[in-house]
Amino acid sequence: MSTHEVVVTGLGATTPLGGDVASTWEAMLAGRSGVGVLTQEWAEQLPARIAAELAVEPSEVMDRVRLRRLDRSEAIALIAANEAWADAGLVDGGSDPERLAVSLGSGIGGLQTLLHQDDILEASGPRRVSPHTVPMLMPNGPAAHVGITLNAQAGVHAMASACATGAEAVAWGLDMIRAGRADIVVAGGTEAVIHPLPLAGFATMRAMSTRNDEPQRASRPWDKGRDGFVLGEGAGVMVLERADHAAARGARVYARLAGAGMTSDAFDIVQPHPDGVGAAKAIAKALADADIAAVDVAHVNAHATSTPIGDMIEIKALRRTLGSHPVLTATKSMTGHLLGAAGALESIATILAIRDSIVPPTINLDDPDDGLDLDVAAHTARRLDIPAALNNSFGFGGHNVALLFTRA
Amino acid sequence: MTREEITAGLAAILDEVAGVSKDDVAEDKSFTEDLDVDSLSMVEVVVAAEEKFSVKIPDDEVQNLKTVGDAVSFIEKAL
């Protein structure tokens with residue numbers, strides 16, 4: 001293993017809580033929910049008519065003609081990446097294009113484009129299908145657009161590991177810098193699939209909350225009344241940088257990305273392993289990779305999606321690997337589940353928790369599950385000195401990714 | 001429909017599809033060189049024009065439509 005240290009020097013996001021990192025973080029610390037009722041006509045027949053839609057529409061911040069040629073998942077990836085790039089102080093130079101890479105994925109991809117163009121095909125025939133269809137729906141589209149915009153020539157990679165995508169993209173960025181293939185990697189995830197088809201599909205597999213009358217109380221990780229996740233949309237992007245590269249240009253450093261652990265359950269295409277074996281191994285690998293003792297991990301931003309089974313399996317894995325001291329939170333209680341962007345957004349929350357010495361709350365945890373024997377920052381944010389923190393992400397397919405961040 | 005009306009209709013399409021300012025659209029302007037309409041956007045312009053003017057613009061005709069005036073003439077004849 002190389003000795004290159006990797007730090008985070010820029011953050012960007014557009015989420016159900018805000019159009020940028022600052023507003024998202026402020027809303028998170030205040031315990032605000034980004035979930036609302038879907039008022040579109042197509043939502044009427046759905047069992048789950050709630051979702052966490054973007055707080056700021058891309059059209060408010062992006063040129064109309066540019067937006068015509070981008071899937072929603074591509075547009076928001078660009079918005080978040082541009083914010084992270086500016087935040088890292090790289091707009092006026094400081095990066096060598098041949099040493100700059102992108103690692104950014106989506107859980108589902110350009111689904112809204114695919115379905116919209118299929119409607120056009122059915123209604124009006126093949127000549128009416130947009131010539132921009134393929135680059136808008138291809139799963140590497142968001143990463144490629146970010147790469148073109150930032151002039152990244154050291155490789156553009158698009159992870160796809162369902163709800164672990166964002167975290168896996170960050171882990172891949174860490175590997176790239178450690179391996180010496182890049183000095184800077186723009187890493188993250190994006191997702192924009194609030195559309196009747198995935199909402200129907202998730203609902204028929206009984207994965208979604210149907211608490212339609214109380215949207216802001218629907219995402220309730222670890223609570224006894226939880227009945228599934230709430231679909232969210234958004235993008236989270238961070239600038240990863242070799243520590244000495246960041247130091248040489250005098251960059252502000254948020255945190256160190258100290259290690260990552262990745263495993264695969266090899267068990268079931270949607271169910272997590274009932275004992276959380278793969279999840280626990282990913283956490284243990286992250287600890288070993290970072291060379292950090294479990295006792296130093298003060299905080300965990302858990303995957304905790306608000307599903308009846310998954311939430312408690314993660315608790316088992318955490319107790320087994322870290323013990324009972326870390327303060328947990330599940331920010332999905334506020335943002336909903338951003339699928340392929342979740343791991344990136346929650347990594348950003350983890351990094352900011354370290355920086356500000358505060359754990360954002362888990363809202364709606366009114367009646368904790370009997371098996372919840374770990375400390376959760378329920379209802380309100382909690383002050384905490386955090387030398388190291390963990391972010392977990394798990395995805396359909398049995399993907400487990402654990403990321404360990406430490407104070408810079 | 002007059003040539004001016006067809007030009008105005010094309011200008012609206014060019015604004016919608018490619019963000020071309022209506023003030024820049026004139027019969028002597030080349031789609032690719034003057035108005036910066038790339039080949040994919042040209043496909044969109046053609047399809048939108050077919051819809052707007054209820055005409056058919058065959059694919060092998062599109063390459064002959066170099067300027068706004070070429071397109072206006074074709075549409076005028078096809079109407």
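Two strands count as paired when DSSP finds at least two bridges between them. In this predicted model, strand S6 (residues 184–191) and strand S7 (residues 234–242) of chain A satisfy that criterion with 8 bridges, and their pairing is antiparallel. Within this pair, A:Val186 has A:Val239 of S7(A) as its bridge partner.

Both strands belong to an open, mixed sheet of 11 strands in chain A, ordered S5-S4-S6-S7-S1-S8-S15-S14-S9-S10-S12. Strand S5 (156–157) and strand S12 (375–376) of chain A form its edges; each has a single partner strand, so one side of each lacks a neighbour in the sheet.

Helices pack on this sheet as well. Helix H8 (residues 165–178) of chain A lies across strands S1, S4, S5, S6, S7, S8, S14 and S15 of chain A, and runs at about 170° to S6(A). Helix H11 (residues 277–290) of chain A also packs on the sheet, where it touches S8, S14 and S15 of chain A. The direction of H11 makes about 145° with that of S8(A).

Attention now turns to chain B. The UniProt annotation, from an unreviewed entry, assigns the modified residue O-(pantetheine 4'-phosphoryl)serine to B:Ser39. This serine, B:Ser39, is located in helix H2 (residues 39–53) of chain B. B:Ser39 counts as exposed because it has 10 C-beta neighbours inside 10 Å, and the limit for that class is 12 or fewer.

Finally, the confidence of the prediction may be considered. Chain B has an average pLDDT of 95, and 100% of its residues score at least 70. For the complex, the predictor gives an ipTM of 0.89 and a pTM of 0.96.

Methods
Residues numbered from 1 in each chain as written. Chains lettered and ligands numbered in written order. Predicted model: local features only at pLDDT ≥ 70, side-chain atom pairs only at ≥ 80, totals over all residues. UniProt positions renumbered as here; feature names shortened; annotations may be inferred. Helix = DSSP H or I, 4+ residues; strand = E, 2+ residues; numbered from the N terminus. Buried ≥ 20, exposed ≤ 12 C-beta atoms within 10 Å, placed from the backbone. pLDDT = per-residue confidence, 0-100. Contact = placed C-beta atoms within 7 Å. Axes fitted to C-alpha atoms, helices over the stretch in contact; angles between N-to-C directions.
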